[in-house]
Amino acid sequence: MFRTHTRSPRQSRNTGRRSPLATTALIAVGLLFTGGAYAAFSTTTASAETSHAASAGTVEEGKKLFQANCASCHGLALQGTDDGPSLIGVGSASVDFQVGTGRMPLQAQGPQAPVKPVQFTDEQVRALAEYVATTGPGPSIPDESLLQADGDAANGAELFRVNCAMCHNVAGAGGALTEGKYAPALTGVEPVHIYEAMVTGPQNMPVFNDANLSPEDKRDIITALKFTQENSTVGGHALGSLGPVAEGLFIWIFGLGAIVALTVWITARSN
Amino acid sequence: MAQDGNSGTELAAADSSDHGHGTELAVGTAVVATDAVPNPGFPPHRPRVTDLDPKKEKRAERTVYTLFYLSAAGSIWAIAAYMMFPIEPENLNSVRANNLFIGLGLALALLALGIGAVHWGKALMHDQEGIDMRHPTRGSESTRDRAVEVFAEANEESGFGRRSLIRNSLIGALIAFPLPAVVLFRGLAPEGPEANPVRLLEHTMWKKGDRLARDPSGVPIKAVDVTIGSVFHVIPEELANLGHSEGYLEEKAKAIVLLMRLKPEDLVEDEDKKDWSYDGIVAYSKVCTHVGCPVALYEQQTHHLLCPCHQSQFDVTNHCAVIFGPAARPLPQLPIAVDDEGYLVAQSDFLEPVGPSFWERH
């Protein structure tokens with residue numbers, strides 16, 4: 001080992017300078033190896049969890065999952081700790097949203113729990129939700145009939161503009177809040193998760209209970225969101241629907257850039 | 001003294017050397033410093049490839065007329081696109097196709113025309129440098145004297161200076177002429193004691209006993225509907241009955257309110273404002289006190305209200321005091337109560353003007 005290590009520089013010195021591509025190749029090989037190993041490792045853990053969850057689906061199973069994965073922050077009796085709020089009475093909708101979008105288990109304490117790959121199977125999420133729902137009454141997972149995006153898109157769009165657009169952007173592209181918090185983009189979010197977010201008010205989102213927005217209103221909002229996402233924009237490319245900043249930046253860089261380039265070309269001497 | 005003498009000779013030397021460039025100094029004027037940078041003149045003329053190589057010239061010519069033909073094709077394409085991609089009612093995508101293809105045709109027509117013209121000028125047109133001297137703008141002495149004479153004659157013939165009554169009445173008439181514009185433009189402002197703009201800005205349509213209703217449906221809100229963490233976007237119940245021709249938007253712009261329920265123990269309330277909330281339910285004007293954007297980004301855990309326009313932040317637990325940003329005042333609070341049927345009602349109008357500052361705001 002030691003010998004080869006000392007010999008290699010001499011060899012390279014013999015053959016002249018090392019190719020500049022050698023460093024790049026070495027880094028690429030190293031990264032590929034590390035990434036591959038990590039991917040293989042995470043797949044094995046995921047498959048292990050799947051096999052473990054095959055028989056899940058009962059409250060008892062949910063309790064076990066909760067104690068193993070959630071209790072360190074939320075407490076063994078869901079009473080909450082300094083690291084996490086009490087979950088008594090949050091309802092199954094809350095669990096299905098938080099765990100079903102990958103926000104929970106939390107990856108790190110911070111201003112906001114980001115969306116990440118879901119850590120549990122659907123059965124495990126359901127078991128957890130059922131278990132948490134037994135500890136107190138709370139909003140439950142909405143009925144399928146409300147999630148078909150077949151309501152009144154016009155009414156939904158008006159309600160969205162009044163109640164949601166100031167944070168989530170009028171096109172549902174998301175927006176910034178205070179101190180690192182943000183309203184996430186609503187593009188590609190499952191209807192069930194949109195509904196659950198409205199009814200439970202996850203993190204800093206306010207609650208929109210059924211007295212404020214009736215289940216039909218929520219269905220209409222989901223309809224409007226799906227309508228805008230499935231129909232192409234009339235005015236051309238939406239540039240992420242981020243509003244005047246994105247559009248202004250685009251025209252400043254590309255519009256003015258083109259004008260500057262044309263000016264330089266016009267005034268340059270012909271060769 | 002010696003130094004003075006030295007500098008004198010140096011300057012004289014500079015002057016004499018300057019003489020070669022043709023600058024003449026009048027006797028007795030200050031010494032003019034010579035220009036440090038002599039006029040370099042033109043760079044040597046460099047012929048273009050199109051001047052040297054007839055093949056290149058032919059090619060440039062081809063490029064130019066091809067561009068002009070392309071421009072014509074673009075114009076014709078724009079007409080064809082208008083017919084081929086009509087805007088169909090109920091089909092938003094047809095608008096997109098219509099815009100896109102007409103726009104592409106017009107862009108091609110204009111860009112090819114412009115680029116062709118510039119390329120023609122740069123590559124083919126005459127390329128010798130030349131100087132156009134500026135013409136002196138000052139008239140000759142006799143022209144100038146004649147101009148003064150003309151004025152004097154006109155004054156003499158019209159009697160402008162002599163007939164002072166006519167002159168002064170003319171000046172008076174010219175001063176009076178713009179006055180109607182002032183009065184006419186004043187007439188655009190709200191008129192009458194009811195429409196005093198200061199009063200309009202100071203008051204909203206909220207009054208004692210008005211029910212708080214949902215925006216935009218106008219369905220009144222019961223206190224029990226407002227669960228903890230909820231936020232309601234609120235208008236006065238009467239506003240929903242108002243038509244757009246009856247000032248719906250004007251009234252709504254002032255009267256919009258955000259209703260939130262916090263845990264009562266989270267609220268820090270002044271002694272004299274304790275009865276403005278109901279069991280943790282508070283109502284605040286949604287109009288930012290900075291420049292009037294709707295402040296509605298409520299964070300239900302931190303109880304911060306964020307204005308999306310300029311990032312002013314208000315602390316809902318502490319009478320919406322400003323905790324960040326350019327707003328100067330807290331959001332005005334709407335005092336609320338509950339009526340016999342359990343609906344939320346206003347105790348009165350806002351007790352201070354809502355929205356941004358104005359001149360007469362006290």
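The following dialogue shows how several features of this predicted model may be read.

Me: Where should one begin with chain B, and how many helices and strands does chain B have?

Reply: One may begin with the inventory of secondary structure. In chain B there are nine helices and 10 strands. The chain holds 362 residues, and 31% of them are buried. Its accessible surface amounts to about 23,500 Å², with 62% belonging to carbon and sulfur atoms.

Me: What share of the contacts in chain B with a separation of 6 or more joins residues 24 or more positions apart?

Reply: That share is 57%.

Me: How should one read a helix, and how many residues of helix α9 of chain A are buried?

Reply: An α-helix has 3.6 residues a turn, so residues three or four places apart point the same way. In the present case, helix α9 of chain A spans residues 191–200, and 10 of its 10 residues are buried. Among them are A:Pro191, A:His193, A:Tyr195, A:Glu196 and A:Thr200.

Me: What covers the buried residues of α9(A)?

Reply: The cover includes two helices of chain A, α5 (91–100) and α10 (215–230). Just after α9(A) comes A:Gly201, whose phi is positive, at about 65 degrees.

Me: Helix α10 has now been mentioned. Is A:Thr223, in helix α10 of chain A, buried or exposed?

Reply: A:Thr223 has a relative accessible area of 6%; because buried means under 20%, this residue counts as buried.

Me: Which backbone atoms does the side chain of A:Thr223 reach?

Reply: There are two to examine here. The side chain reaches the backbone oxygen of A:Arg219 at 2.7 Å. A polar atom of the same side chain lies 2.9 Å from the backbone nitrogen of A:Gly151. Leaving out residues up to four places away in sequence, A:Thr223 touches A:Ala149, A:Asp150, A:Gly151 and A:Ala153.

Me: How does one examine a buried charged residue, and where is B:Arg329 found?

Reply: One looks for a side chain of opposite charge, and then for other polar partners. B:Arg329 lies in the loop of chain B between β8 (321–324) and β9 (336–338). Although buried, B:Arg329 has no salt bridge. The nearest side chain of opposite charge is that of B:Glu352, 4.7 Å away, and a salt bridge requires atoms within 4 Å.

Me: Which side chain makes a polar contact with that of B:Arg329?

Reply: The partner is the side chain of B:Ser357, at 2.8 Å. Beyond its neighbours within four places in sequence, B:Arg329 is in contact with several residues, including B:Thr289, B:Phe314, B:Val322 and B:Arg361.

Me: How is the size of an interface expressed, and what area do chain A and chain B bury between them?

Reply: The size of an interface is often given as the accessible area lost when the parts come together. Chain A and chain B bury about 3,000 Å² between them, and 54% of that area is on carbon and sulfur atoms. A:Val234, A:Trp265 and A:Arg269 supply 19% of the area that chain A buries against chain B, more than any other three residues. The contact involves 32 residues of chain A and 35 residues of chain B.

Me: How many salt bridges and polar contacts cross this interface?

Reply: Two salt bridges are found across the interface, and 20 residue pairs are in polar contact. One of the salt bridges joins A:Lys181 to B:Glu299, with the closest N and O atoms 3.3 Å apart.

Me: Which helix of chain A gives the most to the side that touches chain B?

Reply: Helix α7(A) gives the most, with four residues.

Technical notes
Residues numbered from 1 in each chain as written. Chains lettered and ligands numbered in written order. Predicted model: local features only at pLDDT ≥ 70, side-chain atom pairs only at ≥ 80, totals over all residues. Heavy atoms only, no water. Buried < 20%, exposed > 50% of the residue type's maximum accessible area, 1.4 Å probe, protein only. Contact = heavy atoms within 4.5 Å. Areas by Shrake-Rupley, 256 points an atom, 1.4 Å probe, with all protein chains shown as cover. Lys, Arg positive; Asp, Glu negative; His and termini not counted. Polar contact = N/O pair within 3.5 Å; in protein donor to acceptor, adjacent residues only side chain to side chain. Buried area = accessible area lost by both parts, 1.4 Å probe.
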